[in-house]
Amino acid sequence: MAVRYAVVVYVVTAGLHGENLGADEQEVVLFSWLVVDLVNTKVVVVQQHLVKPRSLDVNENLLSDTCRSVFQLTEEAVKNGQALENVIEELDQFVKAKLDNDGSRNFCLVTDSQLHLRQVLHPEATKKNFSLPDYFCSFFDLRKEFRMFYHTDEILSIQDMLNYLAIEANESAEATNRHVQDMAKVIIRMITDGYKFENPDTINERLEAGICSKNEVVDSNTVVRARGLPWQSSDQDIARFFRGLNIVKGGVALCLSPQGRRNGEALVRFVNQEHRDMALKRHKHHIGQRYIEVYRATGEDFVNVAGGSNNEAQTFLSRGGQVIVRMRGLPYDCTAKQVLEFFGSGDSPCQILDGEEGVLFVRKADGRATGDAFVLFESEDMAARALQKHRELIGSRYIELFRSTTAEVQQVTSLSKVLNRSMDPRTYEQQQPLIANIPQVPLLPQQLLPSGSRKDCIRLRGLPYEAQVEHILEFLGDHSKNIVFQGVHMVYNAQGQPSGEAFIQMDSEQSAYLAAQQRHHRYMVFGKKQRYIEVFQCSVDDMNLVLTGGIPVQRQLISPGGTMLPPPYGVYPYVQTTPVLPTVAPLTPRVPTYYPQIFYWPYPSPPVSPTTYYSHTGPTMVIMRGLPFNSAVADILNFFQGFSELTSECIQLQRNGDGRPNGEALVTFSSRAEAERAIQEKNRQNIGNRYIELFMA
């Protein structure tokens, strides 16, 4: 059916405008709309609404300079505005009463660029947990339509369109209405010249399942990597974070560690480069109180994570279930029939898609069970009922349930085939490298490190235990260019576990000095963790002193024969020396026979359950963001009145590379409970006229 009306929508946020609209995550403060009768080529109605942001109650200086100067908005006026959901409801009532009373849908939405809907309205509605009318998922981008119709690439704004058509702008209208009225002039002229509204842009309402094969070619200009995700995030949660942008079917791949656990990262594949570029502008946007980092990634990265070659998994996924649930903690002799009975019993029974064929057990290479399985459900409603059975029993074992993804199914089933058996002394002699892509590097006892008193080394302390050499190089940035060949030494304890420290040999004392000065107490972001790292200048002799005089590990070790080794054989730390540049490293560890090898635990489980995830109860850091640049330690102590254990030594004000304050601080609380209480009581409270964000480090 031909489109009779064009509903022009234009929004203004409290922050950035133009090409960066929505990039700063600011809320809508002005919503204008206008209806053009395309048959009679005239404007039917014009409306504008001031919108009150939810954050206005805690931040009095909300509006940007553009809002004040161009749109003449004030905090006082915006404070008297309506909630965004109420404004949308008014528009919807008008549309249903005046434009679509017979349900024929003879109207369309028109915007100036993709950003108003994709980067502002859809993300904000998702965060505020209300639904936009379904016609907000179909629209025409006036700039794009203009360029295609008039065959010109030089259109970057409404004013450019007016100039191209030799139409004068509506100077008599208020600034807040001028944009939609100028858009109406352009639309009427295009209709007069023979344009028709056909083939609108669409916005996907939810992520659809899909399968990626190892042989698939993926365009690197369509992929991003998201870091810092909450561990329990599902693919649908990540799709909601990118709401408004179209992700291909099966386009969210949760990254797993070598142990099969989610590591707080995901690779996301969009339908084209335009959507990928808009996704990159969501860098440091939030899921709850966590900010998410978004970076470019490659098609090869995506295929390595999402692509599968396991025929059994491919057959399982091809059944087309809408939701996949991962089961953890199954008895090793559990059968598909027992899984069906588990979900089919109780107060909220649910049915697995295709019965026993909808159950995929994860097995090791020798066919033994791992205690995990994947299950297909045909609808969200059925899956929601299934997830209510989290921690119910099969036999005497409670079962944990998690939402999963097609990529996770393929990763886990492939991973389980290459992982060796667990560190059972009876099978120790047969142990082989557990993961093919883990570099086999020499393990050197500390006495083999070179000697020297020149302070041409740096010591890193406080590293995440999962950190690898590439994360250290990324953390050091340009300073990594000054690392000598094979100069990165990861320190492990006698059990082969990471100690959270590393020593790095630089090419000169000056390089070591600059690296320590400029990177000390800076953040390293790794998965869902953000850790500040201590960096000290030292010498190789200092390195050896630490390794020989460090804290002894008192726990006993299992020897290759299965017997217990008492001290002193189990008390020495050792280092893993990893080449900075590609090199051929010997595969045989150069260590005495009584040293245990490093073991990467075989695939045991998905992410741990919410009740067991946080095992740390000691001193815990909280990051403060949004501080006035002139804030002092005393201001922060005053902000945390009621937390008597805090002292000035617990507070570290953060600075940029040029030494100026960056508006952040690290505060160390005596326990995790105190840190959580601080966030609960003080998050988004004010220092002066600025609200302060708090979240776990």
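## Exercises on cores, sheets and a helix

**Exercise 1.** Find which residues Leu121 touches, not counting residues up to four places away in sequence, and place Leu121 in its nonpolar core.

*Solution.* Step one is the neighbour list: with that exclusion, Leu121 touches Val9, Val11, Val28, Phe31, Leu84, His116, Leu132 and Phe136, where contact means heavy atoms within 4.5 Å. The coordinates are a predicted model, in which local features need pLDDT of at least 70 and side-chain atom pairs count only at pLDDT 80 or more, whereas totals for chains, interfaces and linings use all residues. Residues are numbered from 1 along each chain as its sequence is written, and side-chain values use heavy atoms, with hydrogens and water left out.

Step two is the core itself, a nonpolar core being a set of buried Ala, Val, Leu, Ile, Met, Phe, Trp, Tyr and Cys residues joined through side-chain atoms within 4.5 Å; buried means under 20% relative accessible area, exposed over 50%, and partly exposed in between, with a 1.4 Å probe and protein chains only. The largest such core has 52 residues, among which Phe31, Leu121, Phe136 and Phe242 touch the most other members. Helix H3 (residues 84-99) contributes the most to this core, with 7 residues. A second, separate core of 39 residues includes Tyr10, Phe71, Phe146 and Tyr150.

**Exercise 2.** Determine the strand order of the open sheet of 6 strands, and follow how strand S2 is paired with S3 and with S1.

*Solution.* Helices (H or I, at least four residues) and strands (E, at least two) are DSSP runs, numbered from the N terminus, and two strands pair if DSSP finds at least two bridges between them. The order is S3-S2-S1-S4-S5-S6, with mixed pairing. Its edge strands are S3 (42-50) and S6 (201-202), each of which pairs on one side only.

On one side, S2 (residues 28-37) pairs with S3 in the antiparallel sense over 8 bridges, with Leu30 having Leu50 as its bridge partner. H3 packs on this sheet, touching S1 (5-13), S2, S3 and S4 (107-111), and its direction makes about 10° with that of S2; axes here are lines fitted to C-alpha atoms, for helices over the stretch in contact, and angles run from 0 to 180 degrees between N-to-C directions. Another opposed pair is Val35 with Val45 in S3. The two strands form a hairpin with 4 residues between them, and in the turn Thr41 has a positive phi of about 45°.

On the other pairing, 9 antiparallel bridges join S1 to S2, and Val9 has Trp33 in S2 as its bridge partner. Finally, 10 of the 10 residues of S2 are buried, so the strand is largely enclosed by the rest of the structure.

**Exercise 3.** Establish the order of the open sheet of 5 strands and identify the helices that pack on it.

*Solution.* The strands run in the order S8-S9-S7-S11-S10 with antiparallel pairing. Strand S8 (247-256) and strand S10 (285-287) are the edges, each pairing on one side only, and the twist averages 30° from one strand to the next. Helix H9 (residues 273-280) packs on the sheet by touching S7 (223-227), S9 (262-270) and S11, and its direction makes about 140° with that of S11. Helix H10 (residues 299-306) also packs there, touching S7, S8 and S9, with its direction at about 70° to that of S8.

**Exercise 4.** Explain on which side of helix H19 the buried residues lie, and what covers them.

*Solution.* In H19 (residues 672-682), the buried residues are Arg672, Ala675, Ala678, Ile679 and Lys682. They cover an arc of only 125° around the axis, which puts them on the same side of H19; the arc is that of the directions from the helix axis to the C-beta atoms. The face turned away from the buried side carries the exposed residues Ala673 and Gln680. The cover over the buried residues includes strand S27 (620-625), helix H18 (633-639), strand S29 (661-669) and strand S32 (693-696). Two of these covering elements, S27 and S29, are themselves joined by 6 antiparallel bridges, with Met621 standing opposite Thr668 in S29. After H19 comes Arg684, whose phi is positive, near 70°.
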